[in-house]
Structure formats: structure tokens, C-alpha cells
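Thanks for coming, everyone. I would like to take a few minutes to go through one model with you, looking at how its parts meet.

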Amino acid sequence: MAAYLLCLSAGGGVPLFTRTKGDLKPLPFPVIGSLNGVHMFASTHDVSLLSTTTVDAKVVWKVFHDSITLILVSRDDNASDSHLQQLIEKVFLSMVLVYGLDDLTNIKNIERFKKEIKVCFKLVDSLLDQADLDTFSDLTDSVDVVLGPENSILQEYLDAFVEAAASPYGCLLVWGKVAVATRKWWSLSSVELVLLSLLVNSLPKCSARDIPIFLPHGSPKVPHRLLTFQLVQGVEVCVVCGPTPSLAELQREVDRFWRTAFEYLKSSTRIHPRNFPTSILTDQSILGFILINRESHRCLCTVEPMEEDSSRQGKTMSIYRRREILRAFYKSVVRTIFTPPQSDMDSTETADTLHTRLKHKALETYIVSETHKCFAMNTNPYELYVLYSIHIPTYALRSTTTKLLSSLIKEKTMQV
Amino acid sequence: MAVRSYPRDYYGPLDEGEEIVDDDDYEEDSWSSYTDDDFSDSFEPAWANKVGEKGDLFYVEPPEGEEALFTSHQPLHINGHNNTGINSHEVNSAQTNGSAKQKEKTSIKKIKGFIGLKKKDDLNGHANVQPNNTSTPPRSVTFQDSVVGQGLWRQVYINVEPGRHNYGRRATLCETVFGIIPGSFDSQPMRNGVENGGPGVRDTRIMVQGLVPEGEAIKCGHIKIGDWLMKVNDLDVDFDSIDTVISTIQGPTQVKLTLQKLAIDFPSRPALARKTNDATDHLVKLVSGERLGAYIPQFKNVPHIAMYLTLEGSSDSMREKEDIVYQFPRQDNKLVQVRGLFITLCHMLVDVTNNSAKNSTLLVEGQLIHVGYSKQGREVLIIGVPANRVPAEQLNHVVDDTVRMMKVLYGSLRGAFVPREHQEKLDHFFSLLFQRVLLNEELRQHGMKCMETGQDGFLDTLPGVRWLDLPDEPKVNISNSLSELEAADFAEMSDSYYDRRRSYTILGSCLFYKGYLIANHLHKEDFMDIALYTKYYCLLALSSEHQVGQVVVWKEVFPTRRCHEQTDPLIPGYTEPDARWFLLVVGLKHSLICVLLEAGGCAGWIEGHPTPDPFFVDQARATLLHLETLDMAGQCEARLHSPSFPALITADQQLQGNKGASSQQNAKAGTKAGASPVSKKSQGPESILKNKKPSPLLDRSRTESDGDSTQSFDTSEGSTPVMNRTFDRKPSAGSEDSGGSGGSNQLFKNTGKKSRTMPGAYDMSGMRRDLLRQDSVKMTAGLDNTLFHYLHLDSMEGVYVCPTGAEVSDLEGSALHSQLVQNFHACCLIIRKVFEKAVKAKERETKGIKSRLGEDTSLIDVKEHGVLFRCSPESRTDKKKEAPSLTYWVVGRLFFDPYPREVYVCFQDSAQQNLVELAFKLSFGMCV
């Protein structure tokens, strides 16, 4: 997906930064000016311009705290406006996460701000990546997890380690997805959960880091520290803590606490990219799925549910395409057919959403196209979106999906 | 021997040199006798004074019933009905010629055209035709005051030359000398100046009943039909004295005529308006655009706007609103204030995305507003509506339709909005548009159900009109009648008879009854233009709800196919002729006939702005009347009131069936030994089963379904029905009867028996009746009917079909079901959006259009989309027991082959059949 993201100061309309995704020419300054101008013109008349659609593109505007205007130009996703509005909201919150709300609302020196805001580019870019990401958390507002058989053992290790770090917030990421986390970590808001894992993913790989973060909902103005340590390749442990302990101190502890867990860690990385244990059997025709638990803000996603035979490679749908279709399907269903989850972002529901016109609750929906089939199921608190190959008969979609759902949630030891 | 000039054809002016000598052939009787048959509004068509400057006409007349009210209030009136009015022409004819009746009959039609011409000429001559918005009660003529000197009378000087014309011996002096055909204001016909029965004082005043072509009166252009001829050379005249007065006029001289004009406003009008202010009258006025004034208050608090903005002119002129070419409603609101935003957005987004903006969402004073755009060069059409009333998807359609409508009506958007004189017409259009899409309460109160059913805006967005499938015989008959009209073979009325090129070719026509399309003989694109017209001018809605007295619409149009989309012709070398096209809509009661006429091509070329051709109006009307004799209305009503086909079931019935079934169920389980065990949901709705008439047709459909029906028997609750299909295909002992299974065992058996014996019986009439009734063919397989609702859209033909049966209106009463239907429509809107995107994406792909921001190909090939809903009746307060709930599917399917079609069905979750099969069955049964 190609997109432009423009950030301007709300007062003067000074461009603060632009990010582009995809192979696009940068927008000339007058165009940026007029894009911002129409919105400013409207607000002087007490009218707020929310979005505009063209044949193939969509533009959304949003002003945050009377200080920053964000404009997002993206491909028309054929879905409710609210998806893009949530995305733009997440962009702002990620700026808060990295830069702090205080500095965002009081921009004193624009030139300095322009330089400093660059720290959030990596995170913002990963939000714009969409289908290029191998996680879906930015879309589903719930954090990607992996269901490993070793999770319960790793939980003990993590709890012990976090205690040593004198912080209740800790989690273990396997290829960017949460394997285990402390109870306190799960109490973070869904956006914080999503953005924290995205942040760790978006940063360049290194063995250990110490970065200041602001929790957008927990403490947007007081910074915390995010410490991460790479345990084995693909596995990182993250701790959010106060001024102590120092990175060096904790670095020494890492070795002590995690040495014995090496084998478990090693095996937990192997679950990627399936993300759920092989003991759970799935239908041959399933190409990928998203399982979301709206209560725990977790989602389990995969586009490679089984090992591809080398002989079949190339014949089936590419991984990227699977992600793209699943994302499009999710967007076309949520807030159009399914009632959306209560978002904890401060977005007032301003988008015109079609689902409010539906009188009855939608439980299931499916799409049959010439290359694939999709089925979605909404059983509180779970939502399951499955991508099937074209070979499955339409009448079998429903039963296969039901079976998949029950087999995924019946495991008591590994809860989504 | 009387010599009378006779028009060589009914359009061209009389050529002085070629007088047709005609002995007794010409009958004055024919002047009046043509009123005798069906043309009650004969002499002066009621719409004549509504014709606009450009010859266009939009005339809607309230139903007959109310007219009695009108007329009874009028002190003076001409009642155009059979026994009244026009015969006074004979006043001065000494002899009444009883012979040559045959010829008279044949000349009737010619005269019709002839008179029509006179009126036309007359109207053309006058710029001061009555303003469109004054509402003269049709067929009632009155004067402001009958006393001279009240200001409404006027003096006209004409040059006369007695003896110059000779129109035959029965022509009155008034005709020969002045070219005025005298008439009476009295409702009683005058015979030789003698009071012809009837009590009361005889009214001997002379009314200008007609003008002789080439006569002096018509040449001077100041004498109008309906005027009261008061004085000649300052001498008072009446029927008794006129001849004496005229005979005194000698030689070529100037004569002073004193006339009193038709009253423009009636003193009794307000009272009348109040009296007749019931639903129909109200609606008629609404549709005919007479209530524009009342429009504003009702939408005062609803922010909405239609604007046509231009970039022309400097930015300094913003204050003077020079950039607004057109605006409706005129009141300024926030949306007008921020109009600069719209036009900037439209032009600027091209730089960003290569495409112009389609719609925007704004938050105005806490209310979400959608704004739709259509950019044409440096100008933009903008329509803004509140989001809670119109979803963005619907708005896009409204904008597209409006643009198409404007192009069809005016040739281009510029041509529509720029000329000032179109303003009133546009106001009319947009007031109707907003009334329709904003769904104001008023319309609902007045029972415009047609609009109400579209309250989800879904049916409204469909590119087509509702189609009523009649049985073959009436369908053919109706089609034949239309063909007859289109053939334009009017015997002596035909152009060859006059050795002259015809002025119009009829390209095709279509017929509506109560808003349903009955027959269509037009090319699809032309038809869509016309269907849009009838939809946006609420003509369909009007005729579907109320009997209208008369509707006449005449408008030059620029059909999309012929004027705007120059595609390569199918036949190489063939191009559409360079011509002008006219739309004629004639309505009567619930029927509406739309005719597309072509001038140019193989017909003669027309210059200027031709007024409605009374001849074609009459022909169209005659066709409608002819159809009435064929009992088209009866056939349609029968079809509308017959049980819907395929049979439907209401949600409420289904729920009740679930609840109340169990006790009955047990009792029945024993008796139904032969059949397989019946699942809980098998309790059928009795009403539908009762309607079930055995017929060969039915029988066949039943046997078809038998194979599938067996699978329903061993379904356990909660299992997935779609799966069952694969497992349960095995023959069952009871399969023979299972298709018609029933609420009561007896009925069940009866049905089975009859259906076997029926085809053997030689009772053809019964069979035919059954075929015609086509009742209650169950579409779904299995024991029960599970189909709630359906919709089939054929975008090739521009029609859609959805349930029409009598049940539908019953269903409206049930809360749950109407909710279900609403939900169905809302869901269809969602599904259809996906389909539209898929079709568009495909188009773009084939055309190779690349978007700057990348193509979204993920949902490009969608051909089926289904949603499962659950509902439970809200009324239940009993919380201990779990409320019974109903789950149902709404499934949409898109077919590309052989041409694009869409089918939407709504059926119960327990439907024991493959979804696909259902959709297919439904769509294969339809052919236009």
C-alpha cells in the first residue's frame, strides 16, 4: 500500500515531516499547503473536514491537541473510514510513545522539533507498512501472540527475571510476537501493547537497548525506560521500568536468569511462522487466519499454517498476498458488518459506519471470489477470520471454521 | 356548394392557393364529436396552459374524484365532459346534417391534430401564457369578475375582410370574419341559440372556443382561447346578437374587439386549496412542483445543499457569491459558507491522487455530513446531506444519477445550471430529490410507500426499476399494444396519408403500473434515462400510491446513449442519426407510459422548441385506455395480490412455529410414521401451505425439490446445515410428499393426491387458472419454506424483482419481519458495495488504469458474499427462559455470465440446502 503521511503544525501549517510509503514522488509544497489549507479553512468556520474519497484514494485529516495536524493519503481501502482514522490515531500515539505528549503539544522551536521527531519515524513507518508487516496487531488493535507449548515454562523464567529488574512490566517476544508477559504487562491498554511490540520490532536489531518511552495512556508525560535484551536470535525480553536498574546491571542478570532456558527458547523460535503448535491440526485448504480475543486484546495470526511442500510452492498463493487479502477482508468486515470492539483510543466515533444501520447482530460472514474464499465468525469474545483456498466447497466453509475455532480455543494451557 | 379550406396536413399552415373543395364532407359536428369518446379534456387539453417557454411540459393532475370538488365551487365553468361544452359551435348552423357519420368518424382524428395545432399556434403566439406556478383548476374557467372595467378586459384591433374566407356554409360569421370559433360558458350545450333543456338562466356570453388557423384572430396573436368576447366595435355582443353585429361590418376594415381575459387567480382558490388538501392533492402538488414554498420549513434543521460552483471569476468575488452558479435551497447554511473548501478539494486532489474527489465527510455542528462531488471542467456539482439519513454509498449514486439526469435533460451540466431560466426547473428537481433522499416525515404520512421501502436507501440506489412479471398472455397483449403505438401506423393519421414526412419517429416506449415496470421496448440505456426521470420526478412513486387524473410530460432530452457516450457501433458503419429526441410521459390512474420520440433521422427535422404534440399525447393516452379495456390493471392487481412467487415466509411465523410446535410435534410424530423423523424446525407456516394449489407446474417443481428435501429430516439442532447437505443425500420413503409437507396431516395428504390427479384431468381451464395464478411455488428445498425475502437485479435489462405478493403488505405489519427486511436492505447495500468495487476493479484492470497509490486487488474477484444474522423479538421480557432467536442468512451473488446480474436472498439458517442452489434456482426462473 502506498501512502503519504503529512504532519504539520496546527497553528501555522508549517510542515513538520512527511513520510511516504511505496514508490511515490514526494508531494510538492503547494499541494501539501492546500491539503492543509482546506482543513484549516473548514475549522475557521467551525466545520471539521474528516475524510475525502476519490475513485481510488482516501484522505483523512485529524488535529491532535490543537498542536499537530496529521494528514494521511492512502489507497481507498473500500472499508469504513474508521480504519484509516484509527491508523492516524495510532500514528499520533506512537509519536507520544516515543516523544512524549508535553513536547508534542507545546512545540516551541519548530526547527528543533523537526530534528527531534525523527526518532519516531521507524515506528510510524512500520504502521504504514500494512501488509509488509508479518504481524496484524496494527490492524486488529490487539497484540500478536504465539502459542508455544513451552510458554508455561517460559512464564516462570520471565516472572523471575522481572522481579530481579524491580519492575512488574515484562514480556518475551518471539519474532516480534508476544510469547509470554507478566500480568501487569497485560494490564496495559491494547494500543500500548501493540505499539510496544511494534516499536521493538521496528528498531534495528541489537543485543540490548535502553530507550525512554511514554506510555500513551498510562503516563503520556512522564517517561519510562524500555530495556530489551536479545536472548537468542528472534527472542527478546523486554522490561519497562523506572530510573533503576541501569542497562548494565540488568545485562548481567540476563545471563544468570535465562541460561537454563536456552533450549526452551530455541524451540519456541521454531514455532514461527506457524505461530501455533503443530498438535493443533488444521484443514488443508486453510491458507491463513486471524483469531482475535477482544477481552484479552490478543490475536493469533498466521498465513503459513503448514509446511509448504516444495513441489506445491508457487502454485499456492504467495505469503504477501495472503496477508493482503486477510487484511482487506478484515477491513471490509469490521465496522461494516461486525460491531467493532470498544476501542480504548480516544476516538469519538465520527466515521459513518454502515454496521449501525444493521438492525440485527451479524454472526458470520463469508466471501467467495475467483481465487479464494474467506469466512469470518464472531462469537464473543472471539473473532475468527479465515482465508481458504478456492478448492474448498462453499458449504464446508462454515463447519471448517467452527472446527478451527474450537480446536484453537480449547487448549487451556495456551490461551489466546 | 360550400367551399371550405381544409388543412392539407395537420402541421403545415394552410396554403391559400390550394383550397380543397369539399362538398358536404366536412362536418362541423366533428369539431365537437371528437370529445365524445375518451377524450374528456378534449378541446383545450388541461395541460395546455402549463407548457413552458421551451415547449416543455410537466403537468400532473389530481384524480377525478377531487375535481368534482373544484368545479362545484366555480360559479362559471366549462365542464369538458361528454354532454357539455363544445357543441355550441353549431349554434349558427342552420341545418344539422345527420348524414355522413362514417366520414365524420374518420375525420375525428384529423381534427384532433388540427385543433391541437391551433392551440399550439395560439400558445406560441403568446408569451404571456399563464405562469407555471399558478394553479388553475383544470377544466374550470372563470373570470375575475364579469363586470367590465375591473381591469382584466382588453381591447384588440384586428383587420378583417368579410368574404375573404369561406369555410363552408355552416361556419358562423364569427369564424369566417374574425377567425374565432365561438363557444359558450354555459355548461349546457347551445343549440341554435335555444336553451337546450335544463333550468337556470341561459348564459349567452361568447367564449373564444377556438381559433381558426390563418384566421385574423390568430394572426393578431392577442386573442386567447377561453377569452370572453364582450364587445365588437363597442357594441355588446352575445349569441343572439353577434351575427347581426358582424353582418354590419363591410369591406376590409379594422374592428375593435373587447375581450375579458381568463382569470389568473380565483377568489375562491384558498378555500378550495384547503378543502382538497388531502394526501393526494398534496402529493400531486408536491410532485408537480407547486409546493416549493412549503419546502423550506420542513427541512429547516436538516443541513443539506445542492450547489453548482465555478472557478471562473476572481477570488475577490467570493463575497458576492459569484462563484455560486446555482444553489438549492437558497438559504445559506454552513455548507454554503465553506463552499470554497469543496471546490478547492475537487481541483487539488487531482494533483495528489490523479483523480478528482468523489465525496467527503465533514462534522458540522456536531452532525456528520456527507458531501458528494461531480467535477466538470472548472465547475463542480455538490450535494451535501446528513450522514444519518443518507450513507455515503447512496450519496455517490445520487450524485451520479443527478449528473446523468442533468445531461439527459439539458445536454450538459453547464447547460443545465448556467442559464438562469432553468432555475425554477432545477428547484423543482432538487426539491423532489431532497424530499426523496431525506425521507421527510411528510411524505411518509402521505403514504408514499414506494419511498418508504427504500428507506434504507438500498432499492433507491439500484440501477433499475421494479419489474412485475405478468403471465404470458397479458404480457403479450400489453406488448402488442405498445408495438401498435410504436408502429405509428395511424391510417389516415399517418404521414403518408398527407404525403409528408412524419415529424416524429417513436423509438420505443415503456409502461409502468403502480411503479412497476410492465413492459419495455426501449434500448437499455434509453430506458435507464427514462427510468431515472420517472424516479427522480417521483412519477413512479406518485402513480403507485394514488390514481392520478392525468400526467403529461413533454421534454426534449439528450439520451445518454445517443448524446453522451459515443461508443463504437455494434454494426460497423452504422451511426445513430443526427436528430433531436423528445420524451413524452402520459399517465392515467396508476399507469404511466413513457415514449421516446425522435425528430430527425427518418422523421422530419424540427426547429425551435416544439410544444407537446397533442396528437402523440392522445395516441399515448389512447394506448393507455386501450390497455384498460384489456384489463391490464386487473391483471396487474391480480398479480400483485396473488401470493408471492416464490412463496415467502415471515420471520414471526417462523419463530412461532418454533415455539408452539413442540407439543403438536409430538402428536404428529406418530401419525407421520411413513416419513422420516422431523426436525424441530419443520413446522411449516400454514398460511402458505393453504395457498398451495396443485398444478403441473408446481408438481414439477416439487419433484425437483424432492431429491433435496430428504436431507432435512435428520438435522440436529445446532449442527451446520450447509454441511448436512453433503451427508444426507439419501432417498427417503416419504420423499414423494415431502415437498408439500404441511402443518396438518390432512392437508398434507390432499395436496399430494391432487397433484397427481390434476394433470390427468382434462380441465384445461383449471390448469390455466393455476398457471396464471402461479401461486406459492416454494423455492427452497426441504420440508419448510425458509425463504424470507429476495431481490434479483438484472443490470442488463435495468430491472429488479423483489417480492410483490399480498403477503408482503401483511408482512409489513409484523414488527420482526419488517425489521428483517430493513436489515436485509441494509446488508444488501454493504454486499453490493463490495460487488461494485469488484466490478470496477475488474474494469480498471482490463482497461489498464493504474492508480498512483497502488491497486487494491484483494477483493477484486468477489462473486458471492453472505452474512449470518441473529435476531430475537424485543418484546420478550421473560428473562428466565432464553429468548427464542432466529438466525438467517443474507447472501448476495454476482453473475458475470452471460450478463451482469445480482441476486440477493434472505433465508433461514436452518435452510436445508446449499446456498448456491437457492440463489441459482431463483435467478434462473427469471427472464425478461
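Let me begin with a question: which side chains of chain A and chain B meet in a salt bridge? In this model, which I should say at once is a predicted one, the partners are B:Lys837 and A:Asp76, with a distance of 3.3 Å from N to O. The count of salt bridges between chain A and chain B is 1, whereas the residue pairs in polar contact across that interface, with both residues at pLDDT 80 or more, number 18.

Staying with the side of chain A that touches chain B, its residues divide by class into 32 nonpolar, 19 polar and 15 charged. As for how much surface is involved, the size of an interface is often given as the accessible area lost when the parts come together. For chain A and chain B that area is about 6,300 Å², with 64% of it on carbon and sulfur atoms. Within chain A, the residues that lose the most area to chain B are A:His360, A:Tyr366 and A:Tyr395, which together make up 12% of what that side buries. Counted by residues, 66 from chain A are in contact with 77 from chain B.

Let me turn to chain B by itself. Its 928 residues include 60% that count as buried, and its secondary structure comprises 33 helices and 23 strands. If we take the contacts in chain B with a separation of 6 or more, 74% of them are accounted for by residues 24 or more positions apart.

Now to chain A, which is divided into domain 1, covering 3-132, domain 2, covering 150-269, and domain 3, covering 286-414. I will dwell on the first two of these domains. The centres of domain 1 and domain 2 of chain A, taken over C-alpha atoms, are separated by 30 Å, and 14 residues of domain 1 are in contact with 15 residues of domain 2. Between them these two domains of chain A bury about 1,200 Å², of which 79% is on carbon and sulfur atoms. Across their interface the rule finds 0 salt bridges, and the count of residue pairs in polar contact, both at pLDDT 80 or more, is 2.

On the domain 1 side of that interface, the elements giving two or more residues are helices H2 (81-99), H3 (101-105) and H5 (121-129) of chain A. H2 of chain A gives the most, with 7 residues, and by class this side has 8 nonpolar, 3 polar and 3 charged residues.

How values were computed:
Residues are numbered from 1 along each chain as its sequence is written. Chains are lettered from A and ligands numbered from 1 in the order in which they are written. This is a predicted model: local features need pLDDT of at least 70, side-chain atom pairs count only at pLDDT 80 or more; totals for chains, interfaces and linings use all residues. Side-chain values use heavy atoms; hydrogens and water are left out. Domain bounds come from an automatic or database domain assignment. Contact means heavy atoms within 4.5 Å. Buried area is the accessible area (1.4 Å probe) that two parts lose on being put together, summed over both. A salt bridge is a side-chain nitrogen of Lys or Arg within 4 Å of a carboxyl oxygen of Asp or Glu. A polar contact is a pair of N or O atoms within 3.5 Å; within protein, one must be able to donate a hydrogen and the other to accept it, and residues adjacent in sequence count only if both atoms are side-chain atoms. Helices (H or I, at least four residues) and strands (E, at least two) are DSSP runs, numbered from the N terminus. Ala, Val, Leu, Ile, Met, Phe, Trp, Tyr, Cys and Pro count as nonpolar, Asp, Glu, Lys and Arg as charged, and the others, Gly among them, as polar. Buried means under 20% relative accessible area, exposed over 50%, partly exposed in between (1.4 Å probe, protein chains only).
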